[in-house]
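Got your viewer open? Let's take a short walk through this one, stop by stop.

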Amino acid sequence: MSGPRSTELFARAQRVIPGGVNSPVRAFRAVGGDPIFIARAAGAYLYDADGVQYTDYIGSWGPMILGHAHPEVVRAITEAAARGTSYGAPTELEVRFAEAITLLYPSIEMMRAVSSGTEATMAAVRVARGHTGRDLIVKFEGCYHGHADFLLVKAGSGAATLGVPDSAGVPASAAANTATLAYNDLAALRDLFAARGAAIAAVIVEPVVGNMGCVPPEPGFLEAIIELCKAHGAVSIFDEVMTGSRLSPSGLQGRAGLAPDMTCLGKIVGGGLPLAVYGGRRDIMQNVAPLGPVYQAGTLSGNPVAVSAALATLALLSDALYTHLETLGARLEAGMRASIARHGVAACVQRVGSMLTLFFTPGPVRSWSDASASDTARFGRWHRGMRERGQYWPPSQYEAAFIGGAHSVADIDATIAACDEALAQSA
Ligand code: KE4
């Protein structure tokens with residue numbers, strides 16, 4: 001649990017930062033207890049303000065696939081900073097980064113660097129709307145694409161499926177052009193295209209969902225999104241901010257052999273610094289200013305320090321890394337499943353590669369309605385038990401956990417043992 005230094009820092013933080021954190025999920029409100037303030041990290045481990053070590057399964061919410069403070073990434077950042085931290089002018093680094101991304105992701109013929117996943121998806125949707133001249137976008141319940149107004153939308157009532165705001169401060173008008181469907185509901189998607197296909201600018205999807213917990217697409221679901229968009233002149237957008245270079249060096253699309261019209265990337269491809277990407281077909285991206293009429297800009301876009309971290313990270317995405325991640329992921333999944341069976345817990349584990357979720361519901365979890373049936377109170381008790389045993393797991397039932405290249409078999413086995421005890425304790 002959080003030590004005295006974390007407790008003191010949290011009290012101070014709450015006086016000057018809403019909820020004491022700079023991003024809501026970090027406040028641990030879904031699992032109880034105070035957030036743990038981190039002082040440093042190395043490899044697979046975090047060290048809190050009281051010096052307590054945790055095995056980290058958040059990895060900064062995905063970016064730390066190499067582990068924390070990888071020496072080659074740190075060296076790239078240090079050397080870049082010594083050359084100046086930001087110029088607001090084009091650099092060779094950005095050209096090399098764009099060439100690396102377009103090589104890794106062939107569906108991305110042109111790209112633009114931005115500073116967060118939110119910026120990437122916000123811009124991608126604006127470009128899709130500019131390209132098609134249409135306003136309606138389609139998203140799926142349980143998918144999170146950052147906090148742009150028109151993406152903070154939940155399913156409206158009635159068959160229209162038109163959105164209603166999912167946050168205060170989002171005007172109804174911003175939500176009105178966002179239709180929300182159930183993930184994996186192919187029939188509903190076909191019906192919407194049949195009814196309103198000519199009005200649809202884009203469909204945006206997490207190709208493997210991380211933001212309701214780990215939920216994989218059913219066979220044919222992603223292919224149908226791409227095909228339906230093509231048939232109706234809409235733009236398919238894969239939001240691979242989380243899955244990009246997580247599930248393979250080329251994300252889910254590389255693992256599955258798919259080519260969406262546009263892709264958003266972030267987290268890993270940003271080397272864990274504020275760097276994200278949107279891009280796609282050349283004819284679509286040529287709409288972007290100064291080439292075309294769709295405006296998008298950013299003071300720190302393509303920042304040389306962030307791009308240097310990204311290039312160092314991309315260079316280390318070896319086949320051996322993904323083999324290691326798959327081996328550890330399978331081991332952790334098997335260990336957790338054995339515990340669930342041994343204790344007779346109504347729970348399931350869903351995993352794709354090195355992202356996984358332990359759901360406190362029997363499963364399978366195919367959509368938000370399945371995920372939201374989880375026993376979140378028991379998840380909170382289990383999470384507390386994991387924390388007490390030095391395991392730093394995402395503090396929400398509706399998040400994915402991540403394994404990194406610095407994790408070892410011994411780390412995984414210790415986590416399995418902690419999970420077993422915490423499951424028993426959480427009954
Ligand atoms: P950012 O604006 O947080 O860089 O990216 C937004 C975003 C877009 N798309 C996907 C698929 C994402 O997962 C995210 C952000 N993910 C969350 C974790 N589920 C970030 C953690 C947080 O919000 O603090």
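A quick key to the classes used on this tour: Ala, Val, Leu, Ile, Met, Phe, Trp, Tyr, Cys and Pro count as nonpolar, Asp, Glu, Lys and Arg as charged, and the others, Gly among them, as polar. What you are looking at is a predicted model, where local features need pLDDT of at least 70 and side-chain atom pairs count only at pLDDT 80 or more, while totals for chains, interfaces and linings use all residues. Residues are numbered from 1 along each chain as its sequence is written, and side-chain values use heavy atoms, with hydrogens and water left out.

**Stop 1: the ligand**

Select the ligand and show what surrounds it. You should get 16 residues, each with a heavy atom within 4 Å of the ligand. The closest are Ser23, Thr118, Asn211, Asp239 and Glu399. By class, this shell holds five nonpolar, seven polar and four charged residues.

Next, look for polar contacts, meaning pairs of N or O atoms within 3.5 Å. Ser23 puts a polar side-chain atom 2.6 Å from an oxygen atom of the ligand. At Asn211, a side-chain N or O atom is 2.4 Å from a ligand nitrogen atom. Tyr144 uses its backbone instead: an N or O atom there lies 3.5 Å from a nitrogen atom of the ligand. On its own the ligand exposes 540 Å², and the protein buries 84% of that (Shrake-Rupley areas, 1.4 Å probe).

Now colour by domain, with bounds from an automatic or database assignment. Where does the ligand lie relative to domain 1 (4-69 + 318-426) and domain 2 (71-314)? Between them, because both give residues to the shell.

**Stop 2: the second largest pocket**

A pocket here is an open set of points on a 1 Å grid over the protein atoms alone, with protein on both sides within 12 Å along at least five of seven lines; lining residues have an atom within 4 Å of a point. Select Ala89, Pro90, Glu94, Ser301 and Gly302, which lie nearest the centre of the second largest pocket, out of 22 lining residues. Helix H3 (92-104) and strand E4 (110-114) each give two or more residues to this lining, and H3 has the largest share, four. The pocket holds about 390 Å³ of space, a volume filled by probe spheres set on the points.

**Stop 3: the largest cavity**

A cavity is a set of points where a 1.4 Å probe fits but cannot get out. The largest cavity has a volume of about 60 Å³. Among its 14 lining residues, select Asp56, Gly59, Met64, Gly404 and His407, the closest to its centre. The lining has six nonpolar, six polar and two charged residues.

Methods. A polar contact is a pair of N or O atoms within 3.5 Å; within protein, one must be able to donate a hydrogen and the other to accept it, and residues adjacent in sequence count only if both atoms are side-chain atoms.
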